[in-house]
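Q: Could you take a close look at the salt bridges in this one? I'd like a connected walk through them rather than a bare list.

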Amino acid sequence: MNHSKNKKILELNKVEIWDGNTSNAQALRQAGVDVMSAYPITPSTATVEGYAKLHADGYIDGEIMIVESEHAAMSGCVGASAAGARTATATASQGLALMIEVLYQAAGMRTPVVLCLVNRALAAPLNVNGDHSDMYLTSQSGWISLGSCNPEEAYDMTLCAFKIGEHKDVRLPVISNQDGFMSSHTAQNVRPLSDEVVADFIGEFVEVNSLLNFDHPVTHGVQTESDWHMEHKAKQNDAMMNSPKVIKEVFAEYEKLSGRKYNLVEEYKIDDADIVIACMGTTYETAQIAVDKLRIQGTKVGLILPRVFRPFPLDEMAAKLQNCKAVVCLDRSSPGGHTGLLFNDISAALINTDARPLMSDVIYGLGGRDITVADICDIYRDANDEVKAGKLNGGILRWATVRGPELKYYGTGV
Amino acid sequence: MAKIKTITQEQADIANSLYKDKEHFEKSIWDMGWDELVPSAACFSFDGKVDNHVAQTQPENRNYAETNSINKYVGDWRVVKPVWKVDLCIDCQNCWLYCPDTSIISRDKMMVGVDYDHCKGCGICSEVCPTNPKSLVMFNEQISNEVALTQWPVKTKKGDKV
């Protein structure tokens, strides 16, 4: 955490009108990032640009490294973090794809870097708009992954990311996700915390075996072969699996400061719901309107969202889905020869429980394709028909919001 | 006739003591489970705190940690090895200076020998050796040093192609 007396103080309003990138930039400013190493890319550009402007205007006392690629950006973060600095960066889509090798390094080296990932489609075809294919690409990289549905949540998750990742029992890098454009470029009300409250909340960066501790020379990023690799991966993964305890503590503390409550799994009207849609990102807010609309018409529908995408809150998800008759998982990424990731994760959560809802998967909204309240109402109605029929109508996996003949796969006519 | 020179027993002991397994750790990493490891596979160079005088402390007196690469044998990477002919050596220290793996052992500006546990056979020591014939010559790894010493190249004259 930087303490320069020359740092100018920025007065924030109680309610600010920020888009998601501004939320990120302000959260990074308040978190007291020592080193930002970045290579801006749409739609996350304004996170870095906004942070750089605050830096140039004297509100930030840290280092900004503008590097030659996303691979170098994350490498810079890993090096600075191992040296003992609080570090962050932002990227999206192709940038994330180029960065992915170093994401695994960051996780394996236990450097608590924070990555503001503004979710965007992966080419080809080249597309700058939002979907979750880059988020899904990180799913096994060993990063904790937090989801948000609007700029205020993006602000909250970016702040919580530091506190979670740097915790002594976690020491893992954390991604703060938000939807490209729908969140990152849509100005909305954000109620920020004061600089002092954030400074107390996140606290000082705690160094662990840092490279710049000359009393104890240490090598980071070592090579292990079959002799030690598995033990180190076990330790890393165990930290990940136990992180929900810390995440819950951090969310509880954050609620006291902000009045905003976050959970591993968020739910909307699922208590008596027959049909539950599971989705991520801004779609969750659109779907809430659809739920309200259908409930007026008397259909018992509900909504569920994994706030924490990784580690996947498998137990909490299973507990919440014991009483419904159908679960429709909305996956905003082309699954590449399987069912979508959210479907796989939720199916795994339910497979050994007593609940036997009809499980189906809908691919939607790729490359920023609009998903409307009407689209979601249709998905609920289709699921309602399937519940009445007692079986799926033709396939587990189908594509929605796409032009052309119907696309359905995996009939499982066992 | 060249001055006959041999290494002392003391120097030989130093050479031998450097690269044996140390028992600094209360528990070897080989006896640890995943839960006992340091996060991030960080490897410490020394046990305990290092003071400013470590650079002036000879390796055999340093408190190397078990995870220090000095305890890692990489000699089997080698295809060719440098063999040292002590009576030709003028202790110029070129080989010690240029060796990229600190595998030339030297004490008080006198060469002691080659650390075959860490030498990877790059041949730089032989390349920079200024004597004629060279006092460090690269031989096939399979040839014993005793045999190699009997196959030493002869002195080259002015104009000879090396």
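A: Here is a tour of the salt bridges, starting inside chain A and ending at the contact with chain B.

Bear in mind that this is a predicted model. Searching the whole structure turns up 25 salt bridges over all chains. Let's begin with A:E152 and A:R260, whose closest N and O atoms are 3.5 Å apart. A:E152 sits in helix α6 (residues 151-165) of chain A, while A:R260 is in the loop between α8 (229-258) and β10 (265-268), so this pair ties together parts that are 108 residues apart in sequence. Both A:E152 and A:R260 are buried. They don't act as an isolated couple, either: A:E152, A:D156, A:R191 and A:R260 are linked in a network of salt bridges.

Next comes A:E153, which pairs with A:R307 at 2.7 Å between the closest N and O atoms. A:E153 is in helix α6 of chain A, and A:R307 is in the loop between β12 (301-306) and β13 (308-310), so to speak a link between distant parts of the chain, 154 residues apart. Here too both partners, A:R307 and A:E153, are buried.

For a pair with mixed exposure, go to A:D382 and A:R398, with closest N and O atoms 3.4 Å apart. A:D382 belongs to helix α12 (residues 373-389) and A:R398 to strand β16 (residues 397-399), 16 residues apart. A:D382 counts as partly exposed because its relative accessibility is 35%, whereas A:R398, at 16%, is buried.

Now zoom out to the domains. Chain A is assigned domain 1 (16-258) and domain 2 (266-409), and their C-alpha centres lie 29 Å apart. In the contact between them, 29 residues of domain 1 meet 23 residues of domain 2. About 2,100 Å² is buried there, with carbon and sulfur atoms giving 59%. The count of salt bridges between the two domains is three. As for A:D179, this residue forms a salt bridge with A:R332, the closest N and O atoms being 3.8 Å apart.

Finally, the chain B side. The contact takes 19 residues from chain B and 19 residues from chain A, burying about 1,800 Å², of which carbon and sulfur atoms give 65%. B:W34, B:L37 and B:S40 supply 33% of the area that chain B buries against chain A, more than any other three residues. Two salt bridges are found across this interface. B:K72 and A:D227 also meet through their side chains in a salt bridge, at 3.8 Å from N to O.

Note on methods. Residues are numbered from 1 along each chain as its sequence is written. Chains are lettered from A and ligands numbered from 1 in the order in which they are written. This is a predicted model: local features need pLDDT of at least 70, side-chain atom pairs count only at pLDDT 80 or more; totals for chains, interfaces and linings use all residues. Side-chain values use heavy atoms; hydrogens and water are left out. Domain bounds come from an automatic or database domain assignment. Contact means heavy atoms within 4.5 Å. Buried area is the accessible area (1.4 Å probe) that two parts lose on being put together, summed over both. A salt bridge is a side-chain nitrogen of Lys or Arg within 4 Å of a carboxyl oxygen of Asp or Glu. Helices (H or I, at least four residues) and strands (E, at least two) are DSSP runs, numbered from the N terminus. Buried means under 20% relative accessible area, exposed over 50%, partly exposed in between (1.4 Å probe, protein chains only).
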